Amino acid sequence: MNEARQEIAGKASNLAALAGKYLTFRLANEEYGLEIMKVQEIIGMMQVTHVPRVPEYVRGVINLRGRIIPTIDLRAKFGLERIDDTDKTCIIVVEIMTAKGKVSVGIIVDEVAEVLDVGAQEVDRAPEFGTSLSMDFILAVGIVKGGVKILLDIDKVLTFEEAKVVQGIAQPTLA
């Protein structure tokens with residue numbers, strides 16, 4: 001009995017550790033959140049240069065004040081219906097960890113919502129959908145202001161192999 005209580009207490013403290021500030025954004029009819037410390041900046045939609053032979057979810061690259069930033073269409077990555085960009089479409093530049101270190105990546109979202117302070121009591125565990133579907137990229141679910149926000153682990157939105165592709169776009173090797 002004591003062991004079961006310790007396990008429950010451990011899970012509760014892990015969830016409590018996820019409390020903090022999150023930048024929320026919309027994709028389709030859902031709201032997602034990113035740890036604010038992972039966000040470098042938010043910019044309006046700008047010209048994205050297509051890169052040939054990249055995965056479908058990679059929209060291309062942007063030139064952000066002289067830095068080449070690979071840009072991911074998060075709708076495509078999550079398997080959502082593609083839509084035309086609107087005046088609310090924007091790019092959130094985040095820093096992700098890869099095997100070779102940190103890399104800046106732009107993620108295209110439908111609309112940025114707000115910065116939320118998610119309290120420990122507002123964090124719940126991520127849903128489980130069986131063993132065949134990996135949901136490692138979901139940190140937790142925030143129940144805030146009467147709505148559900150899916151809190152993402154941006155370092156895990158891309159798989160290891162996908163992160164290598166993005167890193168190669170950001171830092172191409174010269175032959």
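These legends walk through several close-up views of a predicted model of one protein chain.

**View 1. The whole chain, as a place to get your bearings.**
Welcome to the structure. The protein chain has 175 residues, and buried residues make up 41% of them. Along the chain you will find four helices and 11 strands. Of the contacts with a separation of 6 or more, 56% are between residues 24 or more positions apart. The chain exposes about 10400 Å², and carbon and sulfur atoms supply 52% of that area.

**View 2. The largest nonpolar core.**
In soluble globular proteins, nonpolar side chains tend to be buried together. Here the largest nonpolar core has 30 residues. Phe25, Leu34, Ile92, Val94, Ile107 and Val109 are the ones with the most contacts inside this core. At least two core residues come from each of several elements, including strand S1 (20-27), strand S2 (30-35), strand S6 (90-98) and strand S7 (101-109). Helices take part too: helix H2 (74-77), helix H3 (154-157) and helix H4 (160-170) each supply at least two residues, as does strand S4 (58-64). Apart from this core lies another, of nine residues, with Leu15, Leu18, Ala140 and Leu151 among them.

**View 3. Val94 and its surroundings.**
Now move in on Val94, one of the residues with the most contacts inside the largest core. Which residues is Val94 in contact with, leaving aside its neighbours within four places in sequence? The list holds Leu34, Lys38, Val39 and Gln40, followed by Val103, Ser104, Val105 and Ile154.

**View 4. An open sheet of five strands.**
Strands of a sheet pair through backbone hydrogen bonds, either parallel or antiparallel. In this view, five strands form an open sheet, and following the order S3-S6-S7-S5-S4 takes you from one edge to the other. The pairing in this sheet is mixed. Strand S3 (39-44) and S4 are the edge strands, each pairing on one side only. On average, neighbouring strands of the sheet are turned by 35° against each other, direction ignored. Look next at strand S5 (residues 67-73) and S7, which run parallel and are joined by three bridges. Ile72 has Ile107 of S7 as its bridge partner. You have met Ile107 already, among the residues with the most contacts inside the largest core.

**View 5. Asp73, a buried residue in strand S5.**
Is Asp73 buried or exposed? Asp73, which lies in strand S5, has a relative accessible area of 6%, so it counts as buried. Its side chain reaches the backbone nitrogen of Arg75 at 3.0 Å. Beyond its neighbours within four places in sequence, Asp73 is in contact with Tyr57, Arg59, Arg82 and Ile108. For another landmark, find Glu56: Asp73 and Glu56 are 17 residues apart in sequence, while their C-alpha atoms are 8.6 Å apart in space.

**View 6. Two loop arginines with positive phi.**
Both residues in this view have a positive phi although neither is a glycine. Arg53, with a phi of about 60°, sits in the loop between S3 and S4. Its relative accessible area is 86%, so Arg53 is exposed. Arg65 has a phi of about 50° and belongs to the loop between S4 and S5. With a relative accessibility of 65%, Arg65 counts as exposed, because the cut-off for exposed is over 50%.

**View 7. Strand S10 and its two partners.**
How many residues of strand S10 (residues 138-144) are buried? Five of its seven residues are, so the strand is mostly covered. With strand S9 (residues 123-124), S10 pairs in the antiparallel sense over two bridges. One of the residues to look for is Asp124, whose bridge partner in S10 is Val141. S10 also runs antiparallel to strand S11 (residues 147-152), with six bridges joining them. Here Ile143 has Val148 of S11 as its bridge partner. S10 and S11 form a hairpin with two residues between the strands, and in this hairpin Lys145 takes a positive phi near 50°.

Terms used. Residues numbered from 1 in each chain as written. Predicted model: local features only at pLDDT ≥ 70, side-chain atom pairs only at ≥ 80, totals over all residues. Heavy atoms only, no water. Core = buried A, V, L, I, M, F, W, Y, C linked by side-chain atoms within 4.5 Å. Buried < 20%, exposed > 50% of the residue type's maximum accessible area, 1.4 Å probe, protein only. Contact = heavy atoms within 4.5 Å. Pairing = 2+ DSSP bridges. Axes fitted to C-alpha atoms, helices over the stretch in contact; angles between N-to-C directions. Polar contact = N/O pair within 3.5 Å; in protein donor to acceptor, adjacent residues only side chain to side chain. Areas by Shrake-Rupley, 256 points an atom, 1.4 Å probe, with all protein chains shown as cover.
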